[in-house]
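Welcome! Take a moment to look over the protein shown below, and then let us walk through it together.

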Amino acid sequence: MKRPVKSFAHRWPGRLALSCLLLPWAAQAFSPPERLEWHGRTYDVLGDPLAQHYAGRERPRFMPAPLRSATDDERGYTGRWRLEDDRLYLVDIDTWLCIDAAVYAGECHRATLPELFGVAPGKPVFAEWYSGELVLPDAVSSRAMERTIRITLKAGRVTRIETVDEKQPAGRDR
């Protein structure tokens, strides 16, 4: 006689209830990574190139959603960047701005590059403020190696690109 297979919900009802409660919170806990378009591919970017733009000046109160302030683990925005002709451009930003003391979502709007940087609609922003290193994880099919692309920039212009193959720590599975 064949026993019926119990579903996940029947085997672990408490775990299912807990995961339903925690999943929305966990999805909002961290900002999505910055993205960089380069040579027809899109990479995650480790780092925050826009932070240098606001160093020493007032930064808008970026919000990941209307009336939801960014936590310490969040930037409050996600930038989309592009490397073109050895220059770094901010192509788009996903964030919300609200009127001071806003109490309902109608007092909030999606921020745009023209609003934040005074550029024409549809035009990218040359990131002349950024000097530093962009780190692009680039997974390789081998389980023993991980490729990282490091792009060094000065005043928004590429000065060096290197690809580093790093061994993963022992016992690390993908």
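Is glutamate 37 buried, partly exposed or exposed? With a relative accessibility of 22%, glutamate 37 counts as partly exposed, because the buried class takes in residues under 20%. Please keep in mind on this tour that the model is predicted.

Let us step back for the overall plan. The protein has three helices and 10 strands. Reading from the N terminus, you meet two helices, then six strands, then another helix, and finally four strands. The chain has 174 residues, and 30% of them count as buried. Among the contacts between residues with a separation of 6 or more, 49% involve residues 24 or more positions apart. The accessible surface amounts to about 11,600 Å², with 54% of this area belonging to carbon and sulfur atoms.

Now let us return to the strand that holds glutamate 37. This is β1, which covers residues 34-38. In a regular strand, side chains alternate between the two faces of the sheet. You can follow that pattern along β1: Glu34, Leu36 and Trp38 point to one face and are buried, whereas Arg35 and Glu37 point to the other face and are not buried.

Strand β1 has partners to look at as well. It pairs with strand β2, residues 41-45, in the antiparallel sense, and five bridges join the two. Across this pairing, arginine 35 stands opposite aspartate 44 of β2. The hairpin of β1 and β2 has two residues between the strands, and in it histidine 39 takes a positive phi near 50°. Strand β1 also runs parallel to β3, to which three bridges join it. Here arginine 35 faces another residue, standing opposite arginine 80 in β3.

Arginine 80 is a good place to pause. Its side chain meets that of glutamate 37 in a salt bridge, with N and O 2.8 Å apart. Arginine 80 lies in β3 (residues 78-84) and glutamate 37 in β1, so this salt bridge ties together parts of the chain that are 43 residues apart in sequence. Arginine 80, like its partner, counts as partly exposed, at 34% relative accessibility.

Arginine 80 forms a salt bridge with aspartate 92 too, where the closest N and O atoms are 3.8 Å apart. This pair links β3 to strand β4 (residues 87-94), across 12 residues of sequence. Aspartate 92 has a relative accessible area of 37% and is partly exposed. Put together, Glu37, Arg80 and Asp92 are linked in a network of salt bridges.

The protein has eight salt bridges in total. One of them brings together the side chains of glutamate 162 and arginine 160, at 3.5 Å from N to O. Glutamate 162 is partly exposed, with a relative accessible area of 26%.

Our last stop is a covalent link. The structure holds one disulfide, which joins cysteine 98 to cysteine 108 with 2.0 Å from S to S. Cysteine 98 lies in strand β5 (residues 96-98) and cysteine 108 in strand β6 (residues 108-110), so the disulfide ties together parts that are 10 residues apart in sequence. The link is right-handed, with 105° about the S-S bond. Both cysteine 98 and cysteine 108 are buried, whereas glutamate 37, where our tour began, is partly exposed.

Notes. Residues are numbered from 1 along each chain as its sequence is written. This is a predicted model: local features need pLDDT of at least 70, side-chain atom pairs count only at pLDDT 80 or more; totals for chains, interfaces and linings use all residues. Side-chain values use heavy atoms; hydrogens and water are left out. Buried means under 20% relative accessible area, exposed over 50%, partly exposed in between (1.4 Å probe, protein chains only). Contact means heavy atoms within 4.5 Å. Accessible areas come from the Shrake-Rupley method with a 1.4 Å probe; for residues, only the protein chains shown count as cover. A disulfide is a pair of cysteine sulfur atoms within 2.5 Å. A salt bridge is a side-chain nitrogen of Lys or Arg within 4 Å of a carboxyl oxygen of Asp or Glu. Two strands pair if DSSP finds at least two bridges between them.
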